[in-house]
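I'm opening the notebook on a new structure. The plan is to go from the whole chain down to single side chains.

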Amino acid sequence: MHIELVIAKLVTVGLGLLITYQAYKGYRTYGSEPMRYVAIGFLFISIGSVIEGVLFDIVGLSIFVAGTIQTAIVAVGMLVVLYSLYGRIPQQAKGERGP
């Protein structure tokens, strides 16, 4: 096992989880639906960033299968973040003022 790679992966997961937390906090504070999807998306991306090594080194899957699973998880996370940007956002009723 390469310690440099493990450190880099831990930093990546830490940053992803920090983004996840901040987005979730934004969702809870302001009720922003897109921020909920950003949080969910970055959670998937964070998990995906380390799952390949776990599946390969610990579970014993082939690097091809582990990489395929990792890529699928990251892709799902990116799709969720993309939905937060382009998804349907509830419109305010006429006469209501925005924040």
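**Entry 1, the chain as a whole.** I began with contacts, meaning heavy atoms within 4.5 Å. Among those in the protein chain between residues at least 6 apart in sequence, 54% join residues at least 24 apart. Before going on, I noted that this is a predicted model: local features need pLDDT of at least 70, side-chain atom pairs count only at pLDDT 80 or more, and totals for chains, interfaces and linings use all residues. Residues are numbered from 1 along each chain as its sequence is written, and side-chain values use heavy atoms, with hydrogens and water left out.

For secondary structure I used DSSP runs, numbered from the N terminus: helices are H or I with at least four residues, strands are E with at least two. The protein chain has three helices and zero strands, in the order α-α-α from the N terminus on.

Then I looked up burial. Buried means under 20% relative accessible area, exposed means over 50%, and partly exposed is in between (1.4 Å probe, protein chains only). By that cut, 23% of the 99 residues of the protein chain count as buried. I also pulled the accessible surface (Shrake-Rupley method, 1.4 Å probe; for residues, only the protein chains shown count as cover). The protein chain comes to about 7,400 Å², and 69% of that belongs to carbon and sulfur atoms.

**Entry 2, helix 1.** I checked the length against the expected span, which is 1.5 Å times one less than the number of residues. The 28 residues of helix 1 should span 40 Å, and the end C-alpha atoms are 40 Å apart, so the two agree. In helix 1, I listed Val-13, Gly-16, Thr-20, Ala-23, Gly-26 and Tyr-27 as buried. What do the buried residues of helix 1 pack against? They pack against helix 2. After helix 1 comes Gly-31, with a positive phi near 65 degrees.

**Entry 3, Thr-20 and Ser-46.** I took these two together. Thr-20 sits in helix 1 (residues 3-30), and Ser-46 sits in helix 2. Is Thr-20 buried or exposed? Thr-20 counts as buried because its relative accessibility is 12%. Ser-46 has 4% relative accessibility, so Ser-46 counts as buried too.

For polar contacts I kept pairs of N or O atoms within 3.5 Å; within protein, one must be able to donate a hydrogen and the other to accept it, and residues adjacent in sequence count only if both atoms are side-chain atoms. The side chain of Thr-20 reaches the backbone nitrogen of Leu-43 at 3.3 Å. The side chain of Ser-46 reaches the backbone oxygen of Phe-42 at 2.7 Å.

I left aside neighbours within four places in sequence and listed the contacts. Thr-20 touches Ala-39, Phe-42, Leu-43 and Ser-46. Ser-46 touches Val-13, Gly-16, Leu-17 and Thr-20.

**Entry 4, the salt bridge.** How many salt bridges does the structure hold? I found one, with the term taken as a side-chain nitrogen of Lys or Arg within 4 Å of a carboxyl oxygen of Asp or Glu. The partners are Glu-33 and Arg-36, at 2.5 Å from N to O. Both lie in helix 2 (residues 33-59), three residues apart, about one turn of the helix. Side chains of opposite charge can pair when their charged atoms come close. I looked up exposure as well: Glu-33 is partly exposed at 27%, and Arg-36 is partly exposed at 29%.

From Arg-36 I went back to helix 1, where Tyr-24 lies. Tyr-24 and Arg-36 are 12 residues apart in sequence and 5.7 Å apart in space, C-alpha to C-alpha. Tyr-24 counts as partly exposed, because its relative accessibility is 42%.

**Entry 5, helix 3.** Same span check here: the 24 residues of helix 3 should span 34 Å, and the end C-alpha atoms are 34 Å apart, which agrees. The buried residues of helix 3 are Ala-66, Gly-67, Gln-70, Val-74, Gly-77, Val-80, Val-81 and Ser-84. Their cover includes helix 2.

Last, I looked up surface patches. They are made of residues with over 30% relative accessible area and no salt bridge, with like charges joined within 9 Å and nonpolar side chains (Val, Leu, Ile, Met, Phe, Trp, Tyr) within 5 Å. Phe-56, Ile-63, Phe-64, Val-65 and Ile-69 form a nonpolar patch, with about 460 Å² of accessible area together. Which element gives the largest share of the nonpolar patch? Helix 3 (residues 63-86) does, with four residues. Val-65 is found in helix 3 and is partly exposed at 34% relative accessible area.
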